Amino acid sequence: MRVLGIVLAGGNNKKMDQLSKKRAISAMPMAGSYRAIDFTLSNMTNSHVQKVAVLTQYNAWSLNEHLSSSKWWDFGRKQGGLFVFTPSITAENGFWYRGTADAIAQNLSFLKKSHEPYVIITSGDGIYKLDYNDVLDQHVETGADMTIVCKEMPAGTDLSSYGVVKTDDTGRITDFEEKPVETEGNLVSTGIYVIRRRLLIQMIEKCIAEDRYDIVNDIIIRNKNAKKFHVYKMDSYWRNVASVENYFDANMDFLNPDVRDYFFNQYPDIYSKVDDLPPAKYNPGADIGNSLISSGCIVNGEVKDSVVFTQAYVGNKAKIKNSIILNDVYIGDGAEIENCIVESHSTINPGEKRGKKGEITIINEKNFRYGL
C-alpha cells in the first residue's frame with residue numbers, strides 16, 4: 001500500500017442552518033439513498049486505498065452509526081481497514097478539535113504507526129468521483145511537497161466560501177486566498193491534498209508547537225513560498241455541501257440524466273450502507289415527473305422535479321414541486337410543497353401549503369402524525 005486516507009468529517013457550518021443541527025454535514029442525505037461521505041469513501045476504495053481514518057466530532061451520532069460497518073465500502077480486511085476517531089480527553093489534552101490540523105494532531109499516533117509513504121487528506125462533504133492514484137502519480141512526478149486538487153469554477157460563481165488558488169506555468173501554487181470577498185481567479189481548492197506522511201507529521205507537529213490549528217491558513221498559506229505546492233486540476237463533476245443552497249443544488253443535479261449516469265451507471269460505482277426496504281409504491285392517482293423516489297416510499301399524489309428520500313409518504317392529491325423530502329416524512333392529503341427542504345421525520349398536516357418561489361424554505365415540523 002502506497003497511501004493511506006484521512007477524511008476530515010468533524011466540522012460544523014452555520015451556512016447549513018437547521019440542517020446541521022441534528023447531524024454532521026458529512027452525514028447529510030444525498031441523491032435519494034446516499035450520504036455525503038459515501039462519495040469520498042467510495043473514491044477511497046475504488047482507488048485501492050485500504051486504510052482510511054475518518055475524524056468525526058460535531059453531531060457525530062448519525063455519522064458514526066452510518067460508519068458502524070466498513071463492509072459497505074469493502075474496508076473490512078486484515079490489511080488496512082476503516083477507523084473512526086473522535087476527540088478524546090487525555091492527561092495531555094483536554095480540547096475538542098480546534099481545527100483541521102489539530103484534528104490530525106490529536107490522532108498523530110495513527111500516522112506514526114502507519115507505514116504508507118503518502119497520505120491523502122480529504123473532506124467528507126464533497127460530491128465527486130476521482131481516482132486518487134492519478135493525483136498521487138502527478139505528485140510523485142512533479143516532486144511536489146504537497147499536491148492540492150483544484151477545480152475551475154464557472155464564471156459568476158460566488159467564491160467567498162472557497163480557497164482561490166493562483167499558479168505559475170508549471171502548476172506550482174503562487175498564491176492562495178482563503179474565502180476572499182472579491183477575487184479575479186476561478187480556480188478553487190477542493191480540500192483534497194496529497195503529501196508525504198513524514199512531511200505531514202513534521203508540519204503538524206510544528207503547527208501545534210506554535211499554537212496553530214488549521215491546514216489551510218497555518219500550513220498551506222504560511223508555507224506556499226517555502227515549500228513546493230502544486231495543483232492537480234479536476235475536470236469532472238465536483239460540488240461540496242457547504243451551504244443550504246449548495247446542498248439543494250447538489251441534490252437537484254441528480255435529476256439531470258447525465259449526472260445520474262455519471263455517478264450510478266459509469267464505472268467505478270458509488271457505495272453506501274444498504275437498508276432492507278421494499279421498492280417505492282405508486283398508488284392510483286400518483287403522478288411522477290423528473291424525480292427521484294427512494295425505496296420504502298408510498299406515493300399517492302403529485303411529485304415533480306424533486307428528490308424524495310426513503311420511507312416518505314405522499315398523501316392523496318398532495319403536490320410536491322422542486323423540493324427535497326428527507327427520510328421518513330409524512331405529507332398529508334392535499335398538502336402543497338414547493339422549493340422546500342423537508343427535514344427527516346417531519347409531518348406536514350393535510351391541506352398545508354409551504355414554500356414560495358425564488359427562496360429555499362427548510363421545514364422541520366414535529367407534528368404528531370398518528371393523531372391526524
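## The β9–β10 hairpin

In this predicted model, Val164 stands opposite Glu177 in strand β10, a pairing that belongs to the five bridges by which strand β9 (residues 163–167) is joined to strand β10 (residues 173–178). The two strands run antiparallel and form a hairpin with five residues between them. Within that turn, Gly171 has a positive phi of about 95°.

## Strand β1 and its two neighbours

Strand β1 (residues 3–9) has seven of its seven residues buried, so the strand is largely enclosed by the rest of the structure. In a regular strand the side chains alternate between the two faces of the sheet. In β1, Val3, Gly5, Val7 and Ala9 point one way, while Leu4, Ile6 and Leu8 point the other way, and the residues of both sets are buried.

Two parallel partners of β1 can be named. With strand β6 (residues 118–123), β1 pairs in the parallel sense over six bridges, and here the bridge partner of Val3 is Tyr118. With strand β4 (residues 51–56), β1 again pairs in the parallel sense, over five bridges, and Leu8 stands opposite Leu55 of that strand.

## Val84 in relation to Val7

Val84 lies in strand β5 (residues 81–85) and is partly exposed, with a relative accessible area of 33%, whereas Val7 of β1 is buried. Although Val84 and Val7 are 77 residues apart along the chain, their C-alpha atoms are separated by 9.5 Å.

## Helix α1

Helix α1 (residues 36–46) is mostly covered, since 11 of its 11 residues are buried. The buried residues of α1 include nonpolar ones such as Ile37, Phe39, Leu41 and Met44, but Asp38, Thr40, Ser42, Asn43, Thr45 and Asn46 are also among them. Just after the helix, His48 takes a positive phi of about 65°.

## Two open parallel sheets

One open sheet consists of five strands in the order β15-β18-β21-β24-β27, with parallel pairing. Its edge strands are β15 (287–289) and β27, each of which pairs on one side only. Within this sheet, strand β21 (residues 319–321) and strand β24 (residues 336–338) pair in the parallel sense over three bridges, and the bridge partner of Lys321 in β24 is Glu338.

Another open sheet of five strands has the order β16-β19-β22-β25-β28, with parallel pairing as well. Here the edge strands are β16 (292–293) and β28, and each pairs on one side only. Strand β19 (residues 307–308) and strand β22 (residues 324–325) pair in the parallel sense over two bridges, with Val307 standing opposite Ile324 of β22.

## A positive surface patch

Lys319, Lys321, Lys353 and Lys357 form a positive surface patch. Lys319 and Lys321 are the end residues of the run assigned to β21 (residues 319–321), and Lys353 falls within β27 (353–354), so that the patch draws on residues from strands of the sheet with the order β15-β18-β21-β24-β27. Lys357, by contrast, lies in the loop between β27 and β28 (361–363). At 71% relative accessibility, Lys357 counts as exposed, because the cut-off for that class is over 50%.

Terms used. Residues numbered from 1 in each chain as written. Predicted model: local features only at pLDDT ≥ 70, side-chain atom pairs only at ≥ 80, totals over all residues. Heavy atoms only, no water. Buried < 20%, exposed > 50% of the residue type's maximum accessible area, 1.4 Å probe, protein only. Helix = DSSP H or I, 4+ residues; strand = E, 2+ residues; numbered from the N terminus. Pairing = 2+ DSSP bridges. Patch = residues over 30% accessible without salt bridge, like charges linked within 9 Å, V, L, I, M, F, W, Y side chains within 5 Å. Areas by Shrake-Rupley, 256 points an atom, 1.4 Å probe, with all protein chains shown as cover. Salt bridge = Lys/Arg side-chain N within 4 Å of Asp/Glu carboxyl O. Lys, Arg positive; Asp, Glu negative; His and termini not counted. Charge placed at Lys NZ, Arg CZ, Asp CG, Glu CD.
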